[in-house]
Amino acid sequence: MPLKIKNMKSIIKNACLVFGFAALFSTVNAQEIIQEDTLKTVTPKPVGGKQKIDGVIAVVGDYVVLDSDIDIAYIEISSQGGDVKEITRCQLMGKLMEDKLYAHQAIQDSIVVTDSEVNSMMAERIDALVERAGSMEKLLKYYNKPNEEEFKTYFFDILKTGKLTSSMRNKIIEEVEITPEEVRTFFRKIPKEELPQFGAEVEISQIVINPIISKEEEQKVIDKLNELKTDVLEGRGSFFSKAVLYSKDEGTVRNGGFMRVTRKSGLVKEFKEAAFSLEEGEISAPFKTEYGYHIVTVEKIRGQEIDLRHILMIPKVTDGSLQEAKDKITDIRNKIVNGDISFADAARSSSDEKETRANGGALTNPQSLDPRFELTKIDPSLYNEVADMQMGQVSQPLMDEDRLGRKTYKILTVTRRYDAHTADYATDYLKIKDLALGEKRIEVIGKWTKEKIKETYIKVNGEYRNCTFTNNWLKK
């Protein structure tokens, strides 16, 4: 059922919940959570409080919802800093039923999530949960599971259902677009007194200088990768174990370097070329990308999709190379400050960051895809550098280190500032477009949900039949 948006605050709230609540649930939609008149005849139980006997409280297609699923949902929200005081069991019930409806329909639409795909995610996720809980024993107690095997079976089902759910939701909204006229109409509907307030923003540019890696250090890495390859081929350890011990790719190291790749995957050209040139069981020679040096082995070829493992190693940067990079960027800064060259021209001619070089060093906000950064939402380390910077001022050289441990030097400048202000159609078009698109997606999802509820077997048991749901789960 399409949601009735009464004011700008509810527009923002709905968009955040429908498309941002997934971080807490590993799912994708939360229409039920925003219902404000849900009956509280079924009240939240305190986390860690007395538990009722568990049982099936709803059936949606081929899926069931257990009473304990709601308890776990409360635990997940609370453990990640969310406030559970205003969220009722009825609301969470509706949310879980939505997820099951998505997963059920995904299967009907032949959306495939393979067991190997789920297994590739599971090890890393469980490691993170154990780290958060403190130990596997505490994690088992946390989820009320008697042993690790039963927990893994349970968690496998959660991950698979979550993947089906997100795939189905993405399929529903992937073709939803919005025209400039729809954006204009959306903006005109907002009463003047309810126009959103946007915080102070800045546009930032940077110049990056990478230290030069010596041939000697590169050769050390190549030799080590060749050694690892030889060890695997001669039976002195598996590729999995070598990746866990030596790979610098944080995203895959816990899974032994495992990746599932297609020719359309967003990976660098050199990596895909190496991967798709191999036969099953073959290990590549060391090859270079912008991230470092790799070796890759292919485990399974499925037409245009392959299962592979890789090891990434990064050559060390010497202190001398770091100093040379600092001296170079200091010289560039001096020329900019002295007026010998503009910041933008210096970025185009000297920056080592190819993503920003052509635009004169201008950064793009990854959330909004425009050049403006709201000061209250940017990375704290970046905020500390630019919060008090005047337009045109150039920072001192700053050492930066990415998630792979690669060090660079950079200088920053603020090219434009925007004071906190009420939304303006001309200057805030992209933000308004995002809000309008969010509302349209909510309406499309609501219409889809209404239609699928009619044609899907659904049963709600016990006291939950007294809930007032946003969607017509009771089919009254």
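# Exercises on a predicted model

Among contacts (heavy atoms within 4.5 Å) in the protein between residues at least 6 apart in sequence, 68% join residues at least 24 apart. This is a predicted model, where local features need pLDDT of at least 70 and side-chain atom pairs count only at pLDDT 80 or more, while totals for chains, interfaces and linings use all residues. Residues are numbered from 1 along each chain as its sequence is written, and side-chain values use heavy atoms, with hydrogens and water left out.

**Exercise 1. Take stock of the whole protein: what are its helix and strand counts, and what share of its residues is buried?**

Step 1. Start with the secondary structure: there are 16 helices and 13 strands. Helices (H or I, at least four residues) and strands (E, at least two) are DSSP runs, numbered from the N terminus.

Step 2. Now for burial. Of the 476 residues in the protein, 47% are buried; the cut-offs are under 20% relative accessible area for buried, over 50% for exposed, and partly exposed in between (1.4 Å probe, protein chains only).

Step 3. Finish with the surface: the protein exposes about 25400 Å², and carbon and sulfur atoms supply 50% of it. Those areas come from the Shrake-Rupley method with a 1.4 Å probe; for residues, only the protein chains shown count as cover.

**Exercise 2. Work out how α4 and α16 pack: at what angle do they meet, and which residues touch?**

Step 1. Get the geometry. Helix α4 (residues 89-108) packs against helix α16 (residues 429-455) at about 75°, and the axes are 11 Å apart. Axes here are lines fitted to C-alpha atoms, for helices over the stretch in contact, and angles run from 0 to 180 degrees between N-to-C directions.

Step 2. Classify it. That angle makes α4 roughly perpendicular to α16, since angles of 65 to 115 degrees get that label, under 35 being roughly parallel, over 145 roughly antiparallel and the rest oblique.

Step 3. List the contact. From α4 come Leu101, Tyr102 and Gln105, and they meet Ile445, Trp448, Thr449, Lys452, Ile453 and Glu455 in α16. Sorted by class, the contact has five nonpolar, two polar and two charged residues. (Ala, Val, Leu, Ile, Met, Phe, Trp, Tyr, Cys and Pro count as nonpolar, Asp, Glu, Lys and Arg as charged, and the others, Gly among them, as polar.)

**Exercise 3. Trace the three-stranded sheet: in what order do its strands lie, and which ones are at the edges?**

Step 1. The order is β2-β1-β13 in an open sheet with antiparallel pairing. Two strands pair if DSSP finds at least two bridges between them.

Step 2. The edge strands are β2 (63-66) and β13 (458-460), each pairing on one side only. From one strand to the next, the twist averages 20°.

Step 3. Zoom in on one pair: four bridges join β1 (residues 56-60) to β2, and alanine 58 stands opposite valine 65 in β2.

Step 4. Add the helix: α4 lies across β1, β2 and β13, running at about 165° to β2.

**Exercise 4. Do the same for the four-stranded sheet: what is its strand order, and how many bridges join β4 to β11?**

Step 1. Read off the order, β9-β4-β11-β10, in an open sheet with antiparallel pairing. β9 (372-374) and β10 stand at the edges with a single partner strand each, so one side of each has no neighbour in the sheet. The twist here averages 55° from one strand to the next.

Step 2. Count bridges: nine join β4 (residues 201-209) to β11 (residues 407-418). Valine 208 stands opposite lysine 410 in β11, and serine 205 has threonine 413 in β11 as its bridge partner.

Step 3. Put the helix on: α13 (residues 343-350) packs on the sheet, touching β4 and β11, and its direction makes about 40° with that of β4.

Step 4. Check the hairpin. β10 and β11 form one with five residues between them, and glycine 405 in the turn has a positive phi of about 85°.

**Exercise 5. Place aspartate 231: is this residue buried or exposed, and which residues is aspartate 231 in contact with beyond its sequence neighbours?**

Step 1. Aspartate 231 lies in helix α9 (residues 215-233). At 12% relative accessibility, aspartate 231 counts as buried.

Step 2. Leaving aside neighbours within four places in sequence, aspartate 231 contacts Arg236, Gly237 and Lys242.
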